[in-house]
Number of protein chains: 2
Amino acid sequence: MEISDTELMLLGLVAEMPRHGYELEQVIVHRAMREWTAIGFSSIYFLLGKLQKRGLIRAYTSRASNRTKAQIPGADSQISDQESEPNTKPRKVFTVSKKGMRILKNQALRSLREISAHYSSLTRGLLQWPFLSREEALAALQDRLEALRSEEDRLSGLQLDQQPLPDYENAMYDFALSQIESEYEWVKRTAEYMETKPWN
Amino acid sequence: MEISDTELMLLGLVAEMPRHGYELEQVIVHRAMREWTAIGFSSIYFLLGKLQKRGLIRAYTSRASNRTKAQIPGADSQISDQESEPNTKPRKVFTVSKKGMRILKNQALRSLREISAHYSSLTRGLLQWPFLSREEALAALQDRLEALRSEEDRLSGLQLDQQPLPDYENAMYDFALSQIESEYEWVKRTAEYMETKPWN
C-alpha cells in the first residue's frame, strides 16, 4: 500500500501520540512542518478519513477535557458548562494501528531511499532564455541571488526559533540550507559566465 | 496575469514557431522537457484551450501538410489519400499573440527571480527518523546515495544525447546535476555522522 507525502506526515504525528484533527493543525503550524510537505488546512480531515478507511489509524470519541473541567471543585458549574461548550462536543481522537505503523516505517524508508522529481523555477526560467534581453535576464539572476539569501536567513531563523531540536530535525534544516547554498553558488557562477559570453 | 509552469512551457514552444497540439507533445518528448516541468499528455489540449481563451495564443486551421502530399507528381493519389487520411483533417495551428509574448517574458523573468518551494523525499523520510531502526535507516541512506549516482548518470547521458544544445539548455542540465551532487555530499556526510552518534 502506498500513501501520499501528506498522509505519511499525518500518520507520523498520530503515531507520536493520540491526537484529534484540530490538534494536528496546531502541531503542523507550531513545528513548521509545511516546510517539508504542502498540506492545506481543510485537507487534514479528509486525509484522516482516508487513513481511517484503510485501517491505518483508528478513531475513538473523547470527552475527557470537558469532564475534567466540570469536576473542578467549587467551580460554578453553570458558567463553566457554558464557557466550555465548544469543548463539550465529543471529539474524534486518532491513534495509529499496527498496520499503520508498518506502512509508516515502510514509506519512511522508501522516502529516504528514493529520490523524487525536483522541478525548479530556475530551470523553468532558463528554458525561456532566448526570449529575454541580456539586461533583463542578468538582472533577474541577481534578484534570485538576493531571494536565495533571504530564504537562507528565513530558514536559519526558523531553525533557531525551534531550538532545541533533535538531531534528525536539525539535519532536515541543514539539508534544505545546503541545497540553497549550492544553488546560490551555481547562479553566481553562471551569471558571471553569461555576462562575459556573447549574447545567444 | 499569472500562468502556470506548464502553460509557460507551452507558450514558449508556440512562441518559437507556429505549432499544432500533437507536434507539441512530440517536441516535449524529443527535447526531454518533462525533466523541467510535469505535464501530462492529455493536459496539453486543455491548456492550449485555456491560453487561447485568455488571448495569449491564437489558433488557425491548416491543411497544408495534406495538400503537399497530394501534389507530389506521380504519386498514386488514391493510396496517398488513404495513407494520409489521418492528416487530411484540418489541424489547429497555434501561434503566440503580442499579449502572449509579453506574458511569456514577464513570467520567465519571474521564474528566474523568484525561488519556488522545494520539497524533498529526503526531508519527508528524515521526519519519521524516530520510528526507524538504526540499521534500516542507515541502509536506506546508502540506497539513496546509489539512487543519486544513477540519477546523475541518467541525466548526464540525456544531456549528452541531446548535444549540441545551446548554452542555456546545457546550463539547465548543469544546474540539475549540481543539486544532485550537493545532495550526494550531504547524505554521505550525514550518514557518516549518524553512524557514529548514539541512536536517538
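**Exercise 1. Work out how much area chain A and chain B bury between them, and which residues of chain A supply the most of it.**

Step 1. Start with the total: about 6000 Å² is buried between chain A and chain B. Buried area here is the accessible area, taken with a 1.4 Å probe, that two parts lose on being put together, summed over both.

Step 2. Look at the atoms behind that area: carbon and sulfur give 70% of it.

Step 3. Pick out the leading residues. A:Leu112, A:Phe131 and A:Phe175 supply 13% of the area that chain A buries against chain B, more than any other three residues.

Before going on, please keep in mind that this is a predicted model, in which local features need pLDDT of at least 70 and side-chain atom pairs count only at pLDDT 80 or more, while totals for chains, interfaces and linings use all residues. Residues are numbered from 1 along each chain as its sequence is written, chains are lettered from A in the order in which they are written, and side-chain values use heavy atoms, with hydrogens and water left out.

**Exercise 2. Describe the contacts across the interface and the elements of chain A that take part.**

Step 1. Count the residues: 61 of chain A are in contact (heavy atoms within 4.5 Å) with 61 of chain B.

Step 2. Find the salt bridges, each a side-chain nitrogen of Lys or Arg within 4 Å of a carboxyl oxygen of Asp or Glu. The rule finds 2 across the interface. A:Arg124 forms a salt bridge with B:Asp5, and their closest N and O atoms are 3.2 Å apart.

Step 3. Assign the touching side to elements. Helices (H or I, at least four residues) and strands (E, at least two) are DSSP runs, numbered from the N terminus. Helices H1 (5-16), H7 (98-113), H8, H9 and H10 of chain A each give two or more residues to the side that touches chain B. H10(A) gives the most, with 13 residues.

Step 4. Sort that side by class: 32 nonpolar, 13 polar and 16 charged residues. Ala, Val, Leu, Ile, Met, Phe, Trp, Tyr, Cys and Pro count as nonpolar, Asp, Glu, Lys and Arg as charged, and the others, Gly among them, as polar.

**Exercise 3. Follow helix H9 of chain A: its span, its buried residues and what covers them.**

Step 1. H9(A) covers residues 134-161, so 28 residues by the DSSP run. From first C-alpha to last it reaches 41 Å, close to the expected 40 Å, where the expected span is 1.5 Å times one less than the number of residues.

Step 2. Buried means under 20% relative accessible area, exposed over 50%, and partly exposed in between (1.4 Å probe, protein chains only). Among the buried residues of H9(A) are A:Leu141, A:Arg144, A:Leu148 and A:Glu152.

Step 3. The cover includes H8 (121-126) and H10 (167-196) of chain A, together with H7 (98-113) of chain B.

**Exercise 4. Locate the unusual backbone spots in the loops.**

Step 1. The peptide bond from A:Gln163 to A:Pro164 is cis, with omega near 0°, and A:Pro164 is in the loop between H9 and H10 of chain A. In chain B, a cis bond joins B:Gln163 and B:Pro164.

Step 2. A:Ala32 has a positive phi of about 50° although it is not a glycine. A:Ala32 sits in the loop between H2 (21-30) and H3 (43-53) of chain A, and counts as buried because its relative accessibility is 11%.

Step 3. B:Ala32 also has a positive phi of about 50° and, at 12% relative accessibility, counts as buried.
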